[in-house]
Structures are given as structure tokens and as C-alpha cells.
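Please read the briefing below alongside the sequence and the coordinates. The topics are the overall fold, the sheets and the packing of helices.

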Amino acid sequence: MMTSVNNAEMAGSDSAMIELRKLNKWYGDFHVLRDIDLTVRKGERIVICGPSGSGKSTMIRCINRLEEHQQGDIIINGREMTNDLKDIEQVRMEVGMVFQHFNLFPHLTVLENCTLAPIWVRKQPRKEAEAIAMQYLERVRIPDQADKYPGQLSGGQQQRVAIARSLCMNPQVMLFDEPTSALDPEMIKEVLDVMVELANEGMTMLCVTHEMGFAKTVADRVIFMDEGQIVEENEPESFFNNPQSERTKLFLSQILQH
Amino acid sequence: MIVNENPVAARPAPASNRGIWGWMRQKLFSSPANTVLTVVTGWLLYIGLTPVISWSFIEADWFGSDRSACDGGACWVFITARIEQFIYGFYPEDLRWRVDLVFLQTGLLLLWLMPQSMPGKKWGVIYALSIFPISSFFLLSGGLGLEMVDTHKWGGLMLTLVLALVGIVAALPFGVLLALGRRSEMPVIRFFCTTFIEVWRGVPLITVLFMASVMLPLFVPEEVVFDKLVRALIGIVMFQSAYMAEVVRGGLQAIPRGQYEAAAAMGLGYWKMMRLVILPQALKMVIPGIVNTFIALFKDTSLVLIIGLFDLLAIVQAGLADPKWLGFAIEGYVFAGFVFWFFCFSMSRYSQSLEKRLNTGHKA
């Protein structure tokens with residue numbers, strides 16, 4: 001079903017999906033992102049962690065231009081992010097995003113949430129968009145909720161709808177911004193299960209998350225950010241068992257203690 | 001340690017309603033003081049309301065041709081004898097079928113569009129926004145082979161409804177555009193919309209109407225001056241869109257940023273985002289405010305009497321001055337008041353049912 005990126009072997013190839021070069025951003029005088037360099041290859045799964053206020057959310061929000069950067073380049077699938085609205089909308093069609101607070105549209109049913117962008121942005125015929133949406137809703141295991149409104153679903157169900165909604169646009173990359181942070185503990189697993197499945201199908205993923213179990217299972221690389229910088233970047237095995245920087249060690253000791 | 005292995009099966013809630021007598025005993029006669037209060041209130045209502053009911057219904061006279069038909073009680077004959085004038089103003093009698101046709105279209109459209117599920121609603125909307133206004137315009141004012149009727153002959157309820165309907169239908173879209181403009185990121189547009197809103201909102205409607213009817217002709221050449229009714233309508237629409245804009249802006253500001261971000265992240269451009277995601281939620285949220293503005297607009301239409309247009313209230317007032325019907329001011333004002341109340345209350349009820357219908361049980 002993941003026609004665009006279902007080749008696991010692509011993960012090893014060198015084709016860069018996302019490239020950040022010397023990315024800098026300020027909120028007023030506050031320097032949130034400092035000289036960020038990051039290359040994400042097709043099919044790579046990257047987990048970004050770090051203390052709050054370290055700039056991890058801001059970084060992935062720059063990728064689809066929910067935040068504007070002031071210096072540096074962002075290149076997505078060969079297309080540079082400029083102020084050109086055409087470029088921005090083109091990139092947003094190819095980059096799916098899942099938010100901490102789901103951000104489903106409360107006035108539309110689950111199915112309508114999933115078909116809105118395919119119909120109005122991709123210009124798919126309604127019937128076709130609905131059929132595709134039902135396929136994705138089945139994959140996140142809530143096809144029976146298609147005609148309900150988001151307000152009638154649990155948090156975990158809403159987040160799975162949000163994932164399905166993004167997938168309906170058939171994106172090349174998925175960005176996850178703390179997708180499980182607003183969920184009750186018993187619902188975290190159902191969302192993570194869906195994300196693991198997606199990762200196993202070869203989707204290129206950037207996840208800001210504190211779920212270290214998820215990072216260990218699926219990540220190709222873990223990135224630790226602090227004070228707007230990428231402090232450490234490593235494969236999960238070495239990252240967790242043998243952190244190099246003092247700041248990483250401190251952070252890991254704090255979150256893994258209990 | 002407690003371990004409970006016996007699940008308690010769900011039971012129906014206890015019945016709280018023990019019938020009307022139980023309710024009365026509980027709410028009205030629960031204590032001696034409460035009983036006294038109930039009796040006294042009932043007695044006050046009785047002595048207060050009986051004369052009103054008796055005056056307006058029991059002793060009232062309804063039909064006749066002149067005041068001799070009235071003996072004590074309300075003289076509704078004054079209304080029934082003049083009802084045609086109250087409805088059509090000075091519209092020529094033999095052409096009133098044209099007004100009726102517009103009324104009929106309006107009524108049928110309301111029946112078609114207001115209920116939740118009616119067939120072909122989309123076509124109803126298209127009809128209401130294209131054929132209906134054009135046909136109404138020609139039916140009312142003439143042209144296309146129909147005899148022309150000058151707008152100074154329009155009056156009564158018909159004029160009130162024309163003013164209110166045009167005002168309502170035009171003020172909402174203008175108001176939405178102004179509200180979006182005031183929140184725009186483009187400084188020129190934002191400045192223009194803010195200035196427009198603040199200027200029109202800061203001026204009394206009476207002044208606007210005066211300017212439209214008295215001062216405008218002084219400043220523009222005579223050939224350009226257009227119909228007085230049109231000028232009043234433009235004034236009302238400008239004025240009410242400024243109010244509407246602020247109501248809508250309240251709704252826009254209540255939409256969480258996440259909704260904008262989710263829509264943007266999927267590649268929706270500004271107008272699609274507004275039309276499909278933001279406005280449906282924002283407008284739903286401010287239905288009470290929108291209807292409040294509509295109701296104010298409906299009643300404000302009676303201000304056109306100061307520029308010499310005879311709306312329902314003005315024509316009733318004019319009727320009171322008729323020497324044959326002196327002394328029926330109460331009946332006249334009660335009637336005018338009732339008609340206004342009827343339309344405003346209907347709008348209010350409809351808005352409440354709309355709110356209930358659109359409630360999806362979830363704030364973003």
C-alpha cells in the first residue's frame with residue numbers, strides 16, 4: 001500500500017530526502033536553532049530527543065515551514081524551501097505531520113478528516129479518496145469509527161486517525177511531533193504499534209519523542225538536542241549504552257531512572 | 001487489602017420525575033413559606049394578566065370597516081381594516097400580486113433550506129442566490145415588460161423585509177471578508193479593514209442614513225445620484241458588516257492555532273483553509289452573536305423613517321394620524337411590536353436549533 005516508499009533497501013541508498021544546512025532560527029533575540037546540519041536519507045527512521053526547550057519541535061516544524069527559519073537551507077526531496085508559496089505547498093503535500101494534540105478537525109467526521117486534503121489539494125475524486133481513506137483507517141484499526149466525529153473518540157483513537165489522515169496524502173516523509181505526549185498511558189501503545197508498523201514498511205520518519213523503547217526498536221539514528229544544537233547523533237545501540245557527551249549522559253540518566 | 005471479584009451490573013437510574021403533582025409538591029409547596037409565596041405570586045399574575053387578556057382577546061373587536069365596530073377592549077379593526085397598507089405600503093393595488101409572488105418565493109425557500117434534511121438543498125442555495133434576488137428585483141421594481149413601480153411607493157412590512165433581507169444576506173459575507181482582512185498578515189489590507197470597521201462602527205446608524213439621503217446628493221453630481229432606497233441599503237449594509245466583522249473575528253480568534261497548522265501542514269492554501277477548516281468552526285461558534293446582529297439589524301430597519309421611507313412602523317404611525325382613526329395608538333404599536341417580535345423570535349429559535357444541529361460535541 002505504501003507505493004511511494006515501500007522499499008526497505010532504499011534505506012541504505014544515499015538519496016537525501018531532507019537536508020538541513022547551517023539552519024539558524026531566532027524567536028526575537030532568543031537563538032532557538034543553532035547551526036543545525038542534518039541529512040535524512042530515504043527510508044531512514046530518526047528519533048529526536050532532548051530536554052524541553054531544546055528546539056527539537058521547532059526544528060521539525062521548520063521542515064514543513066510551520067516555522068520560518070532565518071538562516072541556512074532546507075532542501076526536501078531536491079526542492080529548496082523558499083518564501084515561494086508554490087514551493088511551500090508542494091513540500092507540505094509530500095510531508096505528513098502528526099501533532100502532539102492531534103489537531104483533528106472537530107466539525108468533520110473521521111472519514112471527512114481523511115479525505116479533505118486528498119480531495120481539495122490532490123484533486124482526487126471523492127469516491128477514490130474515500131476508498132483510500134478507508135484502507136488507511138483499516139490499517140490503524142479504526143474503520144468502524146469512520147462516521148463518528150473526533151470528539152466521540154478516545155485520545156489514542158484520535159491520534160491514529162491523525163496518522164491515517166496524513167497517510168492519505170501519500171507523503172514521502174512523516175514528521176511526528178511528540179505524538180504520544182498527550183495520551184493516557186494505556187493508549188500510548190496502540191499509537192506506537194501503528195508507528196512501528198509504518199517504520200517497518202520503510203516510511204521515512206522523523207519523530208520527536210520521549211519513547212525510548214520506540215527509539216530502540218525502530219530508529220536508525222537517535223539525535224540528542226540541547227540548547228538549539230545537535231549534541232549527539234548515533235545509532236540507538238551505542239546512543240543508549242555508550243553516550244559520549246556529558247549532556248547526553250545527564251539527560252539519559254534523568255529519563256531512564258524510573 | 002480489598003479484592004472485589006463480584007462486578008456490579010449496571011442498573012437504570014432511579015426515576016426522578018414523580019409526575020406533575022410530585023413535581024409541584026416538591027417545587028411549589030415544599031414548606032408553608034413556599035406555599036404562601038406560590039399563592040401570592042399566582043394571585044399577582046391573575047390580577048395582572050386578566051385585564052390584558054380580556055382587553056386584547058375577550059372584549060376585543062376584530063372585524064369591521066370603521067371605528068363604529070369597536071365597543072370597549074382592543075380595536076383590532078384598526079389593524080384589519082388597514083392590513084393591506086401595512087403590508088404593501090403605497091404599492092399600486094393591481095400590482096400587489098408581484099409582491100405576493102416574492103413573499104411566496106421567500107417562504108418556499110425558507111421551507112426548503114431551513115430544515116435539516118431536504119432534497120436538493122444545493123439547488124435551493126443556488127436558486128436563492130441567483131434567480132431569487134434577480135426575479136425579486138424585477139418583480140418589485142418593474143422592468144422586463146413589467147410596469148415600473150418607484151421605490152417611494154414601497155412601504156410597510158414589504159419594505160421592512162426587503163431592507164432586512166438584503167442587509168442580512170449582504171452583511172454576513174462582507175463581515176467575514178472584513179474580519180479576515182483585519183487578521184491578515186498584509187499590512188495594507190489589515191489597515192484598510194481596521195479603518196473601515198472602526199469608522200462605520202463608531203457612527204450612529206441614524207447619522208449614516210442621514211448622510212446617505214441628505215448629504216450624498218450635495219457632493220455628487222445630480223445625474224449620478226441614485227435611488228434613496230438603494231442609498232439607505234448601502235448605508236445599512238456597510239454599518240452592519242462592520243458589526244458582523246467584529247463578531248466573526250471573535251470566532252476566528254477562538255480557533256486554536258493547531259487547526260491552522262494542521263490545515264497548512266496538509267498543503268491547504270489560505271482560502272481553502274479558511275473555507276473548509278477555519279470558518280465552518282468559527283461561524284458555528286459565533287452563531288449567537290451573528291443572530292444577535294441580525295436581530296438588531298431587523299429592528300434598526302425602522303430607522304429609515306427619518307429619511308422618509310415608510311417601513312412597517314412608520315406606516316402604522318402614519319395611520320394613527322388619520323382623523324377617522326384617532327386614538328388607536330396602543331393597538332397600532334402593539335401590532336407593530338408583535339410583528340417585529342415575531343420575526344426576531346423566529347430567527348432566535350432557528351439559531352438555537354441550528355446550534356444544536358451543528359454541535360459535534362468537541363471543541364478543537
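The points that follow go from the whole chain to its sheets and then to its helix contacts.

This is a predicted model, and its chain A holds 9 helices and 10 strands. Two open sheets are described here, one of 4 strands with antiparallel pairing and one of 6 strands with mixed pairing.

**Overall dimensions**

- For 258 residues a compact globule would be expected to have a radius of gyration near 18 Å, and chain A agrees with this because its own value is 18 Å.
- Taken along the principal axes, the C-alpha atoms of chain A fill a box of roughly 55 × 45 × 40 Å.

**The sheet of 4 strands**

- In chain A the strand order of this open sheet is 2-1-4-5, and the pairing is antiparallel.
- Strand 2 (30-41) and strand 5 (79-80) of chain A are the edge strands, each of them pairing on one side only.
- Helix 1 (residues 56-63) of chain A packs on this sheet, where it touches strand 1, strand 2 and strand 4 of chain A, and its direction makes about 120 degrees with that of strand 1 of chain A.
- Strand 1 and strand 2 of chain A pair in the antiparallel sense over 8 bridges, and among the bridge partners are A:A16 with A:R41 of strand 2 and A:Y27 with A:F30 of strand 2.
- The same two strands, strand 1 and strand 2 of chain A, form a hairpin with 2 residues between them, and in the turn A:G28 has a positive phi of about 60 degrees.
- Strand 1 (residues 16-27) of chain A is also joined to strand 4 (residues 71-76) of chain A, by 5 bridges and in an antiparallel arrangement; the partners in strand 4 include A:Q71 for A:N24 and A:D73 for A:R21.

**The sheet of 6 strands**

- The order of strands in this open sheet of chain A is 6-7-8-3-9-10, with mixed pairing.
- Strand 6 (95-98) and strand 10 (229-234) of chain A stand at the edges with a single partner strand each, so one side of each of them has no neighbour in the sheet.
- On average, and with direction ignored, neighbouring strands of this sheet are turned by 20 degrees against each other.
- Strand 7 (residues 173-177) and strand 8 (residues 204-208) of chain A run parallel and are joined by 5 bridges, one of the pairs being A:D177 with its bridge partner A:V208 in strand 8.
- Helix 1 of chain A lies across strand 3 (45-49), strand 6, strand 7, strand 8 and strand 9 (221-226) of chain A, and it runs at about 150 degrees to strand 7 of chain A.
- Helix 5 of chain A lies across strand 6 and strand 7 of chain A, running at about 170 degrees to strand 6 of chain A.

**Helix 3 with helix 5**

- Helix 3 (residues 110-120) and helix 5 (residues 155-167) of chain A pack at an angle of about 25 degrees, with their axes 8 Å apart.
- These two helices, helix 3 and helix 5 of chain A, are therefore roughly parallel to each other, since an angle under 35 degrees counts as such.
- Their crossing, that of helix 3 and helix 5 of chain A, is right-handed.
- Helix 3 of chain A brings A:V110, A:N113 and A:C114 to the contact, while helix 5 of chain A brings A:V161, A:A164 and A:R165.
- By class, this contact of helix 3 with helix 5 of chain A has 4 nonpolar, 1 polar and 1 charged residues.

**Helix 3 with helix 4**

- Helix 3 of chain A also packs with helix 4 (residues 126-139) of chain A, at an angle of about 125 degrees and with the axes 9 Å apart.
- Helix 3 and helix 4 of chain A are therefore oblique to each other, and their crossing is right-handed.
- On the side of helix 3 of chain A the residues are A:V110, A:L111, A:C114, A:T115, A:P118 and A:I119, and they meet A:R126, A:A129, A:E130, A:A133, A:M134 and A:L137 in helix 4 of chain A.
- By class, the contact of helix 3 with helix 4 of chain A has 9 nonpolar, 1 polar and 2 charged residues.

How values were computed. Residues are numbered from 1 along each chain as its sequence is written. Chains are lettered from A and ligands numbered from 1 in the order in which they are written. This is a predicted model: local features need pLDDT of at least 70, side-chain atom pairs count only at pLDDT 80 or more; totals for chains, interfaces and linings use all residues. Side-chain values use heavy atoms; hydrogens and water are left out. Axes are lines fitted to C-alpha atoms, for helices over the stretch in contact, and angles run from 0 to 180 degrees between N-to-C directions. Angles under 35 degrees count as roughly parallel, over 145 as roughly antiparallel, 65 to 115 as roughly perpendicular and the rest as oblique. A crossing is left-handed if the near helix is turned anticlockwise from the far one by less than a right angle, and right-handed if clockwise. Contact means heavy atoms within 4.5 Å. Ala, Val, Leu, Ile, Met, Phe, Trp, Tyr, Cys and Pro count as nonpolar, Asp, Glu, Lys and Arg as charged, and the others, Gly among them, as polar. Two strands pair if DSSP finds at least two bridges between them. The radius of gyration is taken over C-alpha atoms; the globule rule is 2.2 Å times the number of residues to the power 0.38.
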